[in-house]
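Here is a short report for a reader new to this structure. Please look over the sequence and the model before reading on.

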Amino acid sequence: MLRLRRTILFALIACIVALSLWWYFTSPSEYALWEERADIQHALSYEQPVQQAMSDKLTIEGASYAVAVEPPGDGQQIFIDLEDNTLYLLKDNKVIKKYPVAEGKYKTPSPIGAWQIVSKKTDWGSGFGTRWMGLNVPWGIYGIHGTNKPDSIGWSSSHGCFRMQNKHVEELFDLVKVGTPVYVYGGPYGPFGTDLRPLNPGDRNSAVMEVQKRLKKLGYYNGPLDGIYGEGMKAALLKFKKDYGLPYTHTVDAVTYKALNILKFD
């Protein structure tokens, strides 16, 4: 009986060690799409400055927002972390407010990247709550707004916009100006968020824009970097696949990502 107990104990220890090693080498925190990696989850607090941490995360994105309007120069910026469904308002690199938000569903993801508030409205429509702050996302109409579905806050439940409780969006609306930078972080893989999802014609998102950038850099794509998988990108992708001996389909799949040097691992 004692020998049996020892055997079981050693087996349990071996399992724990094996699981620990598996987690260490395969945990998403160990993946990297680029060499510059950072995690500001713990830095986002009312007490700590986050300028460097935010800068590191935006380096992962390769993001510097396209100036649509003149920034207000008041030291304010918005940071939205899709991993914890939270919007942070920063002033002079310190978090001064934070609010829960709803983000886009899997099939209608929120726009990852660096944007600006380009419009502010109080009468956008009943489904958008009491306030609307539009963003300069090139592939569609996206914004930060209120909601008539308060129970959806904190979940992936929108068509891509960032929903807030009406009382929260009203407060934020009064605090920020047109031109305020808005940085959206979606996960460890930069514009791809938490995974390298397959892309197909008609898709509109941050991942499409990144693939467009890669194809343009390689000389295959000459169209706009608009995040829309349209006819121009289809033709460019097929030529790229033909030259690299890849399956001749319109899908950006795992093999295509690898050929574009978009990888999860170091």
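What follows covers the overall make-up, the nonpolar cores, one helix pair and one loop residue.

**Overall make-up**

This is a predicted model. The chain has 266 residues, and 44% of them are buried. Its secondary structure consists of 6 helices and 10 strands. Among contacts with a separation of 6 or more, 57% join residues that sit 24 or more positions apart.

**The nonpolar cores**

In soluble globular proteins, nonpolar side chains tend to be buried together. Here the largest nonpolar core holds 25 residues. I78, I80, L87, M133, I144, M164 and L172 touch the most other members. Several elements each supply at least two residues of this core; they are listed below.

| Element | Residues |
|---|---|
| Strand 1 | 76-81 |
| Strand 2 | 86-91 |
| Strand 5 | 113-121 |
| Strand 6 | 132-135 |
| Strand 7 | 142-145 |
| Helix 3 | 166-175 |
| Strand 10 | 181-185 |

Helix 3 gives the largest share, 3 residues.

I78 shows how the chain comes together in this core. Beyond its neighbours within four places in sequence, I78 is in contact with L87, Y88 and L89, and also with I117 and I144. Further along the chain, its partners include L172, V176, T180, P181, V182 and Y183.

A second core lies apart from this one. This other core has 20 residues, including F192, V211, F240 and I262.

**Helix 4 and helix 5**

Helix 4 spans residues 206-217, and helix 5 spans residues 231-243. The two pack at an angle of about 55°, and their axes are 11 Å apart. Helix 4 is therefore oblique to helix 5. Their crossing is left-handed.

Which residues of helix 4 and helix 5 make the contact? Helix 4 brings V208, V211, Q212 and L215. Helix 5 brings M233, A236, L237 and F240. Of the residues in this contact, 7 are nonpolar, 1 is polar and none is charged. V211 and F240 also belong to the core of 20 residues.

**N85, a loop residue**

N85 is in the loop between strand 1 and strand 2. Is N85 buried or exposed? N85 has a relative accessible area of 13%. Buried means under 20%, so N85 counts as buried.

Leaving aside neighbours within four places in sequence, N85 is in contact with Y99, P100, V101, E103, G154 and W155. One of these partners, E103, is 18 residues away in sequence. In space, N85 and E103 are 6.8 Å apart, C-alpha to C-alpha.

Definitions and conventions:
Residues numbered from 1 in each chain as written. Predicted model: local features only at pLDDT ≥ 70, side-chain atom pairs only at ≥ 80, totals over all residues. Heavy atoms only, no water. Core = buried A, V, L, I, M, F, W, Y, C linked by side-chain atoms within 4.5 Å. Buried < 20%, exposed > 50% of the residue type's maximum accessible area, 1.4 Å probe, protein only. Helix = DSSP H or I, 4+ residues; strand = E, 2+ residues; numbered from the N terminus. Contact = heavy atoms within 4.5 Å. Axes fitted to C-alpha atoms, helices over the stretch in contact; angles between N-to-C directions. Parallel < 35°, antiparallel > 145°, perpendicular 65-115°, else oblique. Left-handed = near helix turned anticlockwise from the far one by under 90°. Nonpolar A, V, L, I, M, F, W, Y, C, P; charged D, E, K, R; others polar.
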